[in-house]
Amino acid sequence: MAEKTYSTNELQLVVFKLGKEEYAVSILQVQEIKRITDITRVPHTPDYIKGVMNLRGSVLPVLDLKKRLNLTAQEYTDDTRIIIVKVDEITVGIIVDAVSEVLTINQESIEPPQTVAGGGITHYLSGVGKLDDRLLILLNLETIIGYSQEAGK
């Protein structure tokens with residue numbers, strides 16, 4: 001069986017849910033996906049920083065992505081996952097409601113954030129992907145994680 005080759009204008013994305021909406025990040029930034037685990041709360045951190053977790057001897061900060069994006073919080077369920085992502089040299093966990101799938105999308109199907117946000121650039125977005133009758137909100141992890149570091153100082 002022949003391996004599928006990807007062209008340079010295609011992106012592989014990990015798709016996940018926050019509430020009823022579908023979000024996505026590049027698979028190149030995802031290290032692994034874990035079930036919700038013990039998270040140790042750290043005092044005097046912003047409320048969207050859930051705490052820290054131990055991942056094979058490394059202590060990683062964990063962000064509640066819904067709080068970070070000012071979305072309505074819900075109780076965690078059996079579908080709740082922590083996506084371990086790496087941006088530059090920073091590795092963090094982000095809590096999402098459920099991980100749906102991994103898919104490939106053509107870059108031409110992605111609208112830049114300024115056209116989506118009505119002129120005001122939403123700095124947490126890298127774009128919106130159109131896939132058949134679905135819209136995928138592509139997140140800018142550099143901004144989401146970068147601001148969290150500044151907020152903790």
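**Salt bridges and a pocket**

Let's start at Asp-97, which is buried, with a relative accessible area of 15%. Keep in mind that this is a predicted model. Asp-97 has a partner: its side chain meets that of Lys-66 in a salt bridge, at 2.8 Å from N to O. Asp-97 sits in the loop between strand 7 (90–96) and strand 8 (98–106), while Lys-66 belongs to helix 1 (residues 65–68), so this pair ties together parts that are 31 residues apart in sequence. Lys-66 is buried as well, with a relative accessible area of 5%; the cut-off for that label is under 20%.

What brings such partners together? Side chains of opposite charge can pair when their charged atoms come close. In this model the count comes to 5 salt bridges, so there is more to look at.

Next, find Glu-22 and Arg-134. Their side chains meet in a salt bridge too, with 2.9 Å from N to O. Glu-22 is part of strand 2 (residues 21–26) and Arg-134 is part of strand 11 (residues 134–139), so the pair ties together parts that lie 112 residues apart in sequence. How well covered are the two? Glu-22 counts as buried, at 13% relative accessibility, whereas Arg-134, at 23%, counts as partly exposed. These two also have company: Glu-22, Glu-101 and Arg-134 are linked in a network of salt bridges.

Now move over to Glu-32 and Arg-56, whose side chains form a salt bridge at 2.5 Å, N to O. Here Glu-32 lies in strand 3 (residues 30–35), and Arg-56 in the loop between strand 4 (49–55) and strand 5 (58–64), so the parts being tied together are 24 residues apart in sequence. Is Arg-56 buried or exposed? With a relative accessible area of 66%, Arg-56 is exposed. Glu-32, at 21% relative accessibility, counts as partly exposed.

Finally, have a look at the open space in the model. The largest pocket holds about 170 Å³ of space. It is lined by 13 residues, and the closest to its centre are Ser-26, Gln-29, Ser-126, Leu-138 and Leu-139. Which elements build that lining? Strand 1 (10–18), strand 2, strand 11 and helix 3 (141–151) each supply at least two residues, and strand 2 gives the largest share, with 3 residues. You've met strands 2 and 11 already, as the homes of Glu-22 and Arg-134. As for the make-up of the lining, 8 of its residues are nonpolar, 4 are polar and 1 is charged.

Conventions
Residues numbered from 1 in each chain as written. Predicted model: local features only at pLDDT ≥ 70, side-chain atom pairs only at ≥ 80, totals over all residues. Heavy atoms only, no water. Salt bridge = Lys/Arg side-chain N within 4 Å of Asp/Glu carboxyl O. Helix = DSSP H or I, 4+ residues; strand = E, 2+ residues; numbered from the N terminus. Buried < 20%, exposed > 50% of the residue type's maximum accessible area, 1.4 Å probe, protein only. 1 Å grid on protein atoms, 1.4 Å probe; cavity = no way out; pocket = protein on both sides within 12 Å on 5 of 7 lines; lining within 4 Å. Points joined across faces, edges and corners; volume = space filled by probe spheres on them. Nonpolar A, V, L, I, M, F, W, Y, C, P; charged D, E, K, R; others polar.
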